[in-house]
Amino acid sequence: MADTAISAHGAHTEFAPPVAFERPDFEIVPRTGLLMLAVPLVLLIVAIAVNKLWPLMFLHVVGGATWTVIDLFLGFVLGPIIGRLSIPARVEFTTRLMPKMVLIMPTAVIVTLAAGWQLSTHLGTNLTGYSLHGWVVASYIVVGVMAVIALGLLEPANIAVLTEMKKPRPNPEVIERLMKRFIYTAGATGLMQVATLVIMTRLATA
């Protein structure tokens, strides 16, 4: 979205470099959010240490629900909305949402996986002798792929968008390309979350 520069004689046009545009001041990693997210991580450590059923189940369900809702909401609700916003509105929305996602997404993934593994160990469902062990392995595969996508694609794209927007002259094409990657990847993991829900309900009703 470079501005069009017209020569003095009006004979030709050329595209100027990306120009600076107004955007709210923001932190790529909100410092106040770090203190808030320390709470679930401390609770996770305590739950694993005491190895009791209820806290492990609680953290696994809450973490998994948070992860699922974020993926589905970003991919199928916010994605189409963001694509139709004007540039200023998109910038305003992105600078308010994405820094929070830098903290929320990794925390949800870590809590879900760690509490889930400890819960499976506590119940013995990760042992080969468990009657539905195949379903458990399938859940490990699906969740493992989602974790790699979340931490290896979503998170880097998120940070790259914010880093680009911090520059004096952000490149809108780069931002749009990274945002598309973020939204499409969230949508793909949202579909995988449906498979996870099928597996989890099968195990819960066994």
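The exercises below work through the fold of the chain, the pairing of two of its helices and the setting of one threonine.

This is a predicted model, in which local features need pLDDT of at least 70 and side-chain atom pairs count only at pLDDT 80 or more, while totals for chains, interfaces and linings use all residues. Residues are numbered from 1 along each chain as its sequence is written, and side-chain values use heavy atoms, with hydrogens and water left out.

**Exercise 1. Describe the order of helices and strands in the protein chain.**

Step 1. Helices (H or I, at least four residues) and strands (E, at least two) are DSSP runs numbered from the N terminus, and the protein chain has five helices and two strands.

Step 2. Read along the sequence, these elements follow the pattern β-β-α-α-α-α-α.

**Exercise 2. Compare the span of helix 1 with the expected value.**

Step 1. The expected span is 1.5 Å times one less than the number of residues, so the 20 residues of helix 1 should span 28 Å.

Step 2. The end C-alpha atoms of helix 1 are 30 Å apart, which agrees with that expectation; just after the helix, Asn51 takes a positive phi of about 55 degrees.

**Exercise 3. Determine how helix 1 and helix 3 are oriented and which residues join them.**

Step 1. Two packed helices are described by the angle and the distance between their axes. Here axes are lines fitted to C-alpha atoms over the stretch in contact, with angles from 0 to 180 degrees between N-to-C directions.

Step 2. The axes of helix 1 (residues 31-50) and helix 3 (residues 87-123) come within 10 Å and cross at roughly 5 degrees. The two helices are therefore roughly parallel (an angle under 35 degrees).

Step 3. By contact (heavy atoms within 4.5 Å), residues of helix 1 including Leu37, Leu41 and Leu44 meet residues of helix 3, among them Ile104, Ile110 and Ala114.

Step 4. In helix 1, Gly33, Leu37, Leu44 and Ala47 are buried (under 20% relative accessible area, 1.4 Å probe, protein chains only), and the buried residues of this helix pack against helix 2 (53-84) and helix 3.

**Exercise 4. Decide whether Thr95 is buried or exposed, and find what surrounds Thr95.**

Step 1. Thr95 lies in helix 3 and is buried, because its relative accessible area is 5%.

Step 2. Leaving aside residues up to four places away in sequence, Thr95 touches Pro24, Phe26 and Met165.

Step 3. A polar atom of the Thr95 side chain lies 3.0 Å from the backbone oxygen of Glu92.

Terms used. Angles under 35 degrees count as roughly parallel, over 145 as roughly antiparallel, 65 to 115 as roughly perpendicular and the rest as oblique. Buried means under 20% relative accessible area, exposed over 50%, partly exposed in between (1.4 Å probe, protein chains only). A polar contact is a pair of N or O atoms within 3.5 Å; within protein, one must be able to donate a hydrogen and the other to accept it, and residues adjacent in sequence count only if both atoms are side-chain atoms.
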